[in-house]
Amino acid sequence: MTQEQLAEKAGLNVRTVRRLENGGLWQPRSRSVLLLAQALELDGAERELLAGEAGEPAVTTIVPRQLPAGLATLIGREDELAALTGDHHAGPAPVVAIDGMAGTGKTALAVHAGHRLAPGFPDGQLFVDLRGHAPGRRPVEPGEALARMARALGVPDADVPEHLDDRAALYRSVLAGRRVLIVLDDALDEHQIHPLLPGGPGCRVIVTGRRRLSGLGDARGLPLDVLSPAAAVALFTGVAGWDRVAGVPRDDLHEVVARCGWLPLAVRVAADRLRARPTWSVRHLLDRLAGDRLAELAAGRHDVAAALDASYDRLPSDLRRAYRLLGSHTGAEFGPSTAADLLGTGASQAERMLEHLLDAHLLREAAPGRYRFHDLVRDHASRTG
Ligand SMILES: Nc1ncnc2c1ncn2[C@@H]1O[C@H](COP(=O)(O)OP(=O)(O)O)[C@@H](O)[C@H]1O
Ligand SMILES: [Mg+2]
């Protein structure tokens, strides 16, 4: 390789490469050394040797393993796990974006799949909570996420560039030739995600978010719905404990999880509450859930209403109004003309708003052009504002 070719491959100025080779740059910036090591496809030991030659203290490469602890048992979700981990003939896409309503189990699924995939990504696993819908917190800026991931991959603080594009370019350079799994949890939108996608083929990305993301190149969407009734009962039983459900009629258990809309977060909270109250029976819990469900479905940091508030807070004001009115005044299922009458808009504008709420997973599509609310979302919409 000529010095010119090496410079191009490393993304460095050719003068820097010449001076590095001639020893004229006696204190090269560690970023230059890193980029050079990558272009030369050096492995860990060779990289340390080069860093040593370049007058740098030998750095221990830390392989990031940032995935949080997964659930001991993930209930159901076999098809989704197969799509994420490639346990099927087509093989997984390099970027998979899981989308679904608040509390549907996106993070749990992504983390579980991440642990399963980890052995295939020896250069590490990155996990970033992008806080797209974290109650009371602002979403993470892409530049901040890039800086954190670059640091986790061994780039010293001082070498992280100021400008977003330069940060993204450095991040892609550092990832080139490495096999890293990247989990981007709770994304707000495409703009936040786009700069965080690696350029090369060796990495895999799992994105989770409440909005259906489009315009992310080859990314594949993986919509995640609520659990099946049987899986929801299994989740409830697992959290509440066998002793608390022993002898309870199966119909009662099905009724409890139905009142939770089979939403994992709600089922979990209901089971947590039962477990925390030794005097309560499943019957008593059922009675409570017949009243103000959203008030019942809050326990510590798990809170269905707060999770839905965070989705609501991200809506523009005309959609907030539409959400409240539709939640309060529509029947079980409705179409664009009912919505247009209610909102005082033309049919096409009403349809656009419905589609937006659908993309935000605040509405569900019963059939083409027919919409309905998840029960808990309807409760939330009708009592908000
Ligand atoms: N398949 C599942 N099996 C067991 N628990 C689950 C499952 N899916 C979700 N949960 C639990 O439900 C709650 C909400 O899940 P989470 O992944 O945080 O939802 P999301 O990220 O979609 O908002 C968590 O406490 C999680 O542990
Ligand atoms: Mg989540």
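Which side chain of opposite charge is nearest to the buried Asp185, and how far away is it? The legends below begin with that residue, and please keep in mind that this is a predicted model.

**Figure 1. Asp185, a buried acid without a salt bridge.**
Let us start with the opening puzzle. The nearest side chain of opposite charge belongs to Lys106, and it is 7.5 Å away. A salt bridge needs the nitrogen and the carboxyl oxygen within 4 Å of each other, and Asp185 has no such partner even though it is buried. To find Asp185 along the chain, look in strand 3, which covers residues 181-187. Its side chain does have a polar contact, made with the side chain of Thr208 at 2.6 Å. Setting aside the residues within four places in sequence, Asp185 is in contact with Thr107, Phe127, Val128, Asp129, Leu130, Arg131 and Thr208.

**Figure 2. Ligand 1 and the residues around it.**
Here you can see the surroundings of ligand 1, made up of 16 residues. The closest are Ile75, Lys106, Thr107, Ala108 and Arg268. Lys106, which we met in the first view as the nearest opposite charge to Asp185, has a polar side-chain atom 2.7 Å from an oxygen atom of ligand 1. Backbone atoms take part as well: a backbone N or O atom of Ile75 lies 2.8 Å from a nitrogen atom of the ligand, and one of Thr104 lies 3.2 Å from an oxygen atom of the ligand. How much of the ligand does the protein cover? On its own, ligand 1 has 560 Å² of accessible area, and the protein covers 86% of that.

**Figure 3. Asp99 and Arg212 meet in a salt bridge.**
The chain has 14 salt bridges, and this view shows one of them, with N and O atoms 4.0 Å apart. Why does this pair tie together parts that are 113 residues apart in sequence? Asp99 lies in strand 1 (residues 95-99), while Arg212 sits in the loop between strand 4 (204-209) and strand 5 (220-223), so the bridge links those two parts. The two partners also differ in how covered they are: Asp99 counts as buried because its relative accessibility is 4%, whereas Arg212, at 33%, is partly exposed. Look for Asp359 too, since Asp99, Arg212 and Asp359 are linked in a network of salt bridges.

**Figure 4. Salt bridges at helix 15, from Glu296 and from Arg293.**
Follow Glu296 to its partner Arg273, where the closest N and O atoms are 2.7 Å apart. Glu296 belongs to helix 15 (residues 293-296) and Arg273 to helix 13 (residues 264-276), so the pair ties together parts 23 residues apart in sequence. Are these two residues buried or exposed? Both Glu296 and Arg273 are buried. Now turn to Arg293, whose salt bridge with Asp379 has its closest N and O atoms 3.0 Å apart. Arg293 is in helix 15 and Asp379 in helix 20 (residues 375-383), so this pair joins parts that are 86 residues apart in sequence. Arg293 counts as buried because its relative accessibility is 13%, while Asp379, at 23%, counts as partly exposed.

**Figure 5. Helix 20 and its packing partners.**
This view stays with the helix that holds Asp379. Which residues of helix 20 are buried? They are Leu376, Val377, Arg378, His380 and Ala381. These buried residues pack against helix 12 (250-259), helix 13, helix 15, helix 16 (304-313) and helix 17 (317-329).

**Figure 6. His133, a buried residue in a loop.**
His133 is found between strand 2 (125-129) and helix 7 (142-152). With a relative accessibility of 4%, His133 counts as buried. Its side chain and that of Asp186 are joined by a polar contact of 2.8 Å. Not counting residues up to four places away in sequence, His133 touches Asp186, Ala187, Leu188, Arg210, Ala310, Ser311 and Arg314. For a sense of how the chain folds back, compare His133 with Asp309: they are 176 residues apart in sequence, but their C-alpha atoms are 9.0 Å apart in space.

Terms used
Residues numbered from 1 in each chain as written. Chains lettered and ligands numbered in written order. Predicted model: local features only at pLDDT ≥ 70, side-chain atom pairs only at ≥ 80, totals over all residues. Heavy atoms only, no water. Helix = DSSP H or I, 4+ residues; strand = E, 2+ residues; numbered from the N terminus. Buried < 20%, exposed > 50% of the residue type's maximum accessible area, 1.4 Å probe, protein only. Lys, Arg positive; Asp, Glu negative; His and termini not counted. Polar contact = N/O pair within 3.5 Å; in protein donor to acceptor, adjacent residues only side chain to side chain. Contact = heavy atoms within 4.5 Å. Near = heavy atom within 4 Å. Areas by Shrake-Rupley, 256 points an atom, 1.4 Å probe, with all protein chains shown as cover.
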